[in-house]
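Here is a short report on one chain, for reading alongside its sequence and fold. Start with the term below, then follow the text from one helix to the wider chain.

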Amino acid sequence: MSDTTRTAAPGRTAATITGSSRPQAAAQRDAFFDNAKYLAIVLVVVAHAWEPLRGGSRAVTAAYMVVYAFHMPAFIIVSGYFSRGFDWSARRVERLVTGVAVPYVIFETAYTLFTRWTDQVPDRPITLLNPLYLTWFLAALFIWRLTTPLWRLVRWPVPLALAIGVPATISPEIGNDLALQRALQFLPFFVLGLCLRPEHFRLVRHRTVRALAAPVFVVALAVAYWAAPRTSGAWFFDRDTAGELGAPFWYGPVMTVILYGCSLLLVVCFLAWVPRRPLWFTVLGAGTLYAYLLHGFLAQGAKFWGWYDPVWIRQPLGEIVVTLVAAAVGALLCTPPVRRLFRFAVEPDTSWAFRREPAAEPPRGTGPAPGPKELDAMPGPRRSHPR
């Protein structure tokens, strides 16, 4: 399948953005985006597996900082790209509720109950206003998607998103309700994705960009290795203000703009390396939302079960083993059997909860509504179809 054709149609559910397994979606999938989503989710799982090892390894901390600088921005940019067709029509809103809101309720409840046990906090309340662990992404995606029609109306959407995201780093009053602090700080990446076109992704895969990507990542790792003992990786989480990170208030906007630039550069370099053709893992790109939502239970449980307690785990060989196991877990959670097993939670069927209005009949004598081919044959401006 060509990477420049048969791109997934915009305006789908969140599960389709990060990997729907529906048959009708698979027919339109683009190998490049499936490859990108799979590689990004593997990095997400590996980075979470590295987290308990950071305290004893400067090298792991440096790699962790580099991965955190671009893996979620890459996910969010691709999510924005596939949200271009979202509007406030009844069918799109229904898909948003089914694909984002309902899974958020399910996994927010599940993670709360699970961490009551692993964190030994038996009275932790179940609340839908304060996303726990990695459910923040669903809450933020719901907000971003609802505002999509507004971003497509304004003249300068990316500068406006920056004007909202940058001041969020000095506004502790925003709070953590619905992960609003993170939603605002990551907003520019989503809006950037809304503004991208297929030709932009062809540009990042140019041979010159590919040749420069490797040196850029080497430099990024070197800078991160130098910065590891000198700064906090929490800046890449985009969930705290400058004051909460112990820095002067003016430091927040400056640091945020710098990190936006670094993240975008690394996203470009990452996408430049993503294969364009179908590979053995391309099909797994359809299940990245499953891997994202499910791997957190293993990441939380691994610390509780003492998997990081052996001394050898915190040595170079152990760090390599942890990396390989985490990558394998990420791949396993994207497989069709896992998707079939957990589809009830990640892609629940809520059609029973929505009314189905009968299709309106055309006025007598006008005939059936024209289809896409008929519209293309009509004189005047043609309707553009997503590629």
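The bend at a residue is the angle between two fitted axes, one for the seven residues ending there and one for the seven starting there. The model is predicted, and every value below is computed from it.

**Helix 11**

With that term in hand, take helix 11. A kink of about 30° sits at Ala213. The proline Pro215 follows shortly after it. Helix 11 covers residues 207–227, 21 residues in total. What span should it have at 1.5 Å a residue? The expected figure is 30 Å, and the end C-alpha atoms lie 31 Å apart, which agrees.

Ala213 is also one of the buried residues of helix 11. Phe217, Ala220, Ala224 and Ala227 are buried as well. An α-helix has 3.6 residues a turn, so residues three or four places apart point the same way.

**Positive phi in a loop**

Two residues other than glycine have a positive phi: Gln120 and Tyr133. Gln120 belongs to the loop between helix 5 (90–118) and helix 6 (136–146). Tyr133 is found in the loop between helix 5 and helix 6. Are they buried or exposed? Gln120 counts as exposed, because its relative accessibility of 55% is over the 50% cut-off. Tyr133 is partly exposed, because its 25% falls between the 20% and 50% limits.

| Residue | Phi | Relative accessible area |
|---|---|---|
| Gln120 | near 60° | 55% |
| Tyr133 | near 60° | 25% |

**A nonpolar patch**

Which residues form a nonpolar patch on the surface? They are Trp88, Val93, Leu146, Leu150, Leu153, Val154, Leu160 and Ile164. Together they have about 690 Å² of accessible area. Leu160 lies in helix 8, which runs over residues 157–165. At 37% relative accessible area, Leu160 is partly exposed. That value lets Leu160 join the patch, because patch residues need over 30%.

**The whole chain**

Now step back to the chain. Its secondary structure comes to 16 helices and zero strands. The chain has 387 residues, and buried residues make up 48% of them. About 19,200 Å² is exposed, with carbon and sulfur atoms supplying 66% of that area.

How do contacts spread along the sequence? Take contacts between residues at least 6 apart in sequence: 80% of these join residues at least 24 apart.

Key. Residues are numbered from 1 along each chain as its sequence is written. This is a predicted model: local features need pLDDT of at least 70, side-chain atom pairs count only at pLDDT 80 or more; totals for chains, interfaces and linings use all residues. Side-chain values use heavy atoms; hydrogens and water are left out. Patches are made of residues with over 30% relative accessible area and no salt bridge: like charges are joined within 9 Å, nonpolar side chains (Val, Leu, Ile, Met, Phe, Trp, Tyr) within 5 Å. Accessible areas come from the Shrake-Rupley method with a 1.4 Å probe; for residues, only the protein chains shown count as cover. A salt bridge is a side-chain nitrogen of Lys or Arg within 4 Å of a carboxyl oxygen of Asp or Glu. Helices (H or I, at least four residues) and strands (E, at least two) are DSSP runs, numbered from the N terminus. Buried means under 20% relative accessible area, exposed over 50%, partly exposed in between (1.4 Å probe, protein chains only). Contact means heavy atoms within 4.5 Å. The expected span of a helix is 1.5 Å times one less than its number of residues.
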